[in-house]
Amino acid sequence: MIKIYSTLTRQLKEFKTIEPGVVKWYNCGPTVNGLMHLGHARSAIAFDTIRRYLEYRGYKVEYVMNFTDIEDRVIEVAKQEQRAVLEVAEEYLSYFRRDMASLNLKEATVHPRAMLHINQMIEFIEGLIEKGYAYESGGDVYFDVRKFEEYGKLSNQKIENILQEGTEDAENPKKRFPADFALWKEKKEGEPYWFSPWGDGRVGWSIECSQMSMMYLGDTLDIHSGGQDLIFPHHENEIAQSEALTGKPFAKYWLHNGYVNIDKEKMSKSLGNFVNIVDLLQHYSPDAVRLFVLQTHYRSPITFTEDAIDQAQITSDRLFDIVLLTKNYANDIKVDESFLSELDKDLLEKITKAREDFVKAMDEDFNTSNGFAVVFDYSREVNDYLRKAEQVNGAVISKADELFNEFRSIFGLYEDFNSYLSMELVEKLVKLLVEIRGEYRKEKNWGMSDKIRDELKAAGVSLEDNPKRVLWKLGEDKK
RNA sequence: GCGGAGUUAGCAAAGCGGCCAUGCGGGAGUCUGCAAAACUCUUGACGGGUGUUCAAAUCACCCACUCCGCUCCA
């Protein structure tokens with residue numbers, strides 16, 4: 001049984017989807033006004049892993065993640081750089097997709113973009129006005145939070161305590177109440193705008209998530225997720241809008257990941273203390289970054305230090321060693337041995353046990369930290385076996401490899417094996433063998449030199465001895 | 001002010017009442033032509049106090065400190 005923590009109820013509950021076997025999940029994606037930094041990555045990796053785990057546990061996950069491409073901050077960047085908003089959005093969007101791919105983040109089922117859903121959002125707002133939850137005021141449209149009694153339930157705040165007098169936004173005279181939030185904003189000079197029943201303008205920030213999530217997944221989602229910084233006001237507003245419109249619960253489970261801190265401060269755009277993923281990947285492997293993130297439970301804060309990520313890199317490399325070693329043996333099965341030694345039986349038991357322990361750990365609100373503890377214990381056992389067993393049993397080690405594959409697919413680690421088996425490597429190895437064979441030939445050790453040529457040929461590399469040099473090529477000789 | 005989260009060994013990080021977390025690092029050993037790896041043992045912790053309990057890192061209360069949200073933010 002999977003237990004899941006929801007910010008709304010602030011406790012662990014059994015995970016039950018509305019439709020059996022299917023998870024409808026909306027993850028709040030980034031605003032594309034800059035490069036992906038570790039804070040974004042932490043969120044994305046955490047939820048990507050939970051998604052992978054749910055899939056591992058047999059769910060079909062419909063995962064929607066938006067890109068906010070029309071928003072104050074994008075417009076601001078466009079102004080500064082004197083470029084079109086669309087152009088800026090396109091550019092950062094492509095960088096985001098690149099960085100997501102390099103971190104081995106799975107593509108969402110749908111990646112909707114706000115700009116392409118403006119008309120539907122206008123309809124959404126019209127619906128709210130009809131129901132009396134929103135009002136037009138001087139070209140703007142606001143959500144009337146006092147009409148929605150449960151406003152504040154997600155962030156656990158009383159309406160009186162929200163937006164005290166004094167802040168600029170609270171004193172906006174167009175509002176009836178300081179905490180009311182904009183659904184539609186009147187156009188400003190030099191900014192993009194759309195036509196609407198209330199005049200030219202553009203949509204407010206939170207409306208896109210409500211509208212797009214409901215459009216792609218239905219009125220009630222199983223999971224809605226994002227960073228803790230979105231709880232208020234963004235998600236609070238989404239709940240208000242959506243539930244006001246449909247009268248149904250908006251999402252069953254609200255998941256929020258902890259921050260990445262640096263120097264005891266939250267890593268964020270506004271503080272300017274962020275580490276970009278592109279830069280980080282200059283020094284650390286994607287696997288190390290994923291491991292770094294996943295060694296901490298998704299709701300806990302992570303403190304970023306160079307030391308910590310160095311440690312993650314070392315750990316990641318060692319884990320990869322044993323994964324690869326196991327795979328090499330598993331690929332090399334010649335005979336399926338039915339005889340099982342004590343060590344074989346022992347390892348088989350440990351494989352079963354490890355899988356059980358792992359599932360138990362992950363079922364408890366996706367405790368990747370404990371999940372990794374199981375993986376590390378397990379990798380030590382496999383390592384031990386590979387070095388101690390008189391003979392490596394192909395059937396047994398294949399089972400071990402299978403479990404490593406399961407772990408890898410859930411954590412999204414070491415998936416690009418091809419990069420380790422490059423043509424470059426083949427070239428180096430063949431050249432080395434040719435060189436060694438050359439020495440044997442000098443010594444007139446024809447036995448060894450022929451053996452190398454024959455074995456290479458069997459492996460698919462043919463050598464051709466010429467007076468000046470040895471040529472080699474891949475593939476069988478033509479007959 | 002209001003609302004949350006937290007303080008665990010040298011570092012990172014689980015744990016949510018009793019038994020070994022785990023990773024990195026430190027020490028010793030095994031193996032070994034060299035090198036590397038691996039494995040074994042070991043090192044060590046629960047911010048401070050007072051309670052509750054047969055038993056507390058884990059519950060309650062108090063104190064100290066840190067961070068976060070209430071403003072754009074993953």
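**View 1. Strand β9 is mostly covered in this predicted model.** Let us start with β9, the strand made of residues 221-227. How many of its seven residues are buried? Seven of the seven are, so you can apply the cut-off yourself: a residue counts as buried when its relative accessible area is under 20%. Keep β9 in mind, for the next two views show its partners.

**View 2. Strand β9 has strand β3 as a parallel partner.** Here β3, which covers residues 22-27, runs parallel to β9, and three bridges join the two. To find one of these spots, look for Y26: its bridge partner in β9 is H224. Once you have located Y26 and H224, you have a handy landmark for the pairing of β3 with β9.

**View 3. Strand β9 also pairs with strand β10.** Which strand shares six bridges with β9? It is β10, residues 251-257, and the pairing is in the parallel sense. A good place to look is G227, which stands opposite N257 in β10. Between the two strands you can also trace a helix, α6, formed by residues 231-246. Taken together, β9, α6 and β10 make a β-α-β unit, and this unit is right-handed.

**View 4. Helix α6 holds a residue that follows a cis peptide bond.** Stay with α6 and find P233, which lies in this helix. The peptide bond that joins F232 and P233 is cis, with omega at about 0°. Why does that deserve a close-up? Most peptide bonds are trans.

**View 5. Three strands form an open sheet with mixed pairing.** Reading across the sheet, the order is β12-β11-β13. Which strands are at the edges? They are β12 (265-266) and β13 (302-303), and each pairs on one side only. Now look at β11, residues 260-262: two bridges join this strand to β13, and the two run parallel. One pair to pick out is V260 with its bridge partner in β13, I302.

**View 6. Q82 has a positive phi in a loop.** Follow the chain from α2 (72-80) to α3 (85-102), and you will meet Q82 in the loop between them. Its phi is near 55°, a positive value in a residue other than glycine. Most residues other than glycine have a negative phi. Is Q82 buried or exposed? It is exposed, because its relative accessible area is 75% and the cut-off for exposed is over 50%.

**View 7. F366 also has a positive phi, but is buried.** The place of F366 is in the loop between α10 (342-363) and α11 (368-388). Phi of F366 is near 55°, and this residue, too, is not a glycine. How is F366 covered? With a relative accessible area of 1%, F366 is buried.

**View 8. A last look takes in the whole of chain A.** Step back, and you can place the close-ups within 14 helices and 15 strands. The C-alpha trace spans about 95 × 55 × 45 Å along its principal axes. Of the 479 residues in chain A, 49% are buried. The accessible surface comes to about 23800 Å², and carbon and sulfur atoms account for 50% of that. Chain A carries 63 positive and 82 negative side chains, and the centres of the two sets lie 4 Å apart.

How values were computed:
Residues numbered from 1 in each chain as written. Chains lettered and ligands numbered in written order. Predicted model: local features only at pLDDT ≥ 70, side-chain atom pairs only at ≥ 80, totals over all residues. Heavy atoms only, no water. Helix = DSSP H or I, 4+ residues; strand = E, 2+ residues; numbered from the N terminus. Buried < 20%, exposed > 50% of the residue type's maximum accessible area, 1.4 Å probe, protein only. Areas by Shrake-Rupley, 256 points an atom, 1.4 Å probe, with all protein chains shown as cover. Lys, Arg positive; Asp, Glu negative; His and termini not counted. Charge placed at Lys NZ, Arg CZ, Asp CG, Glu CD. Pairing = 2+ DSSP bridges. Right-handed = clockwise from strand over helix to strand, strands pointing away.
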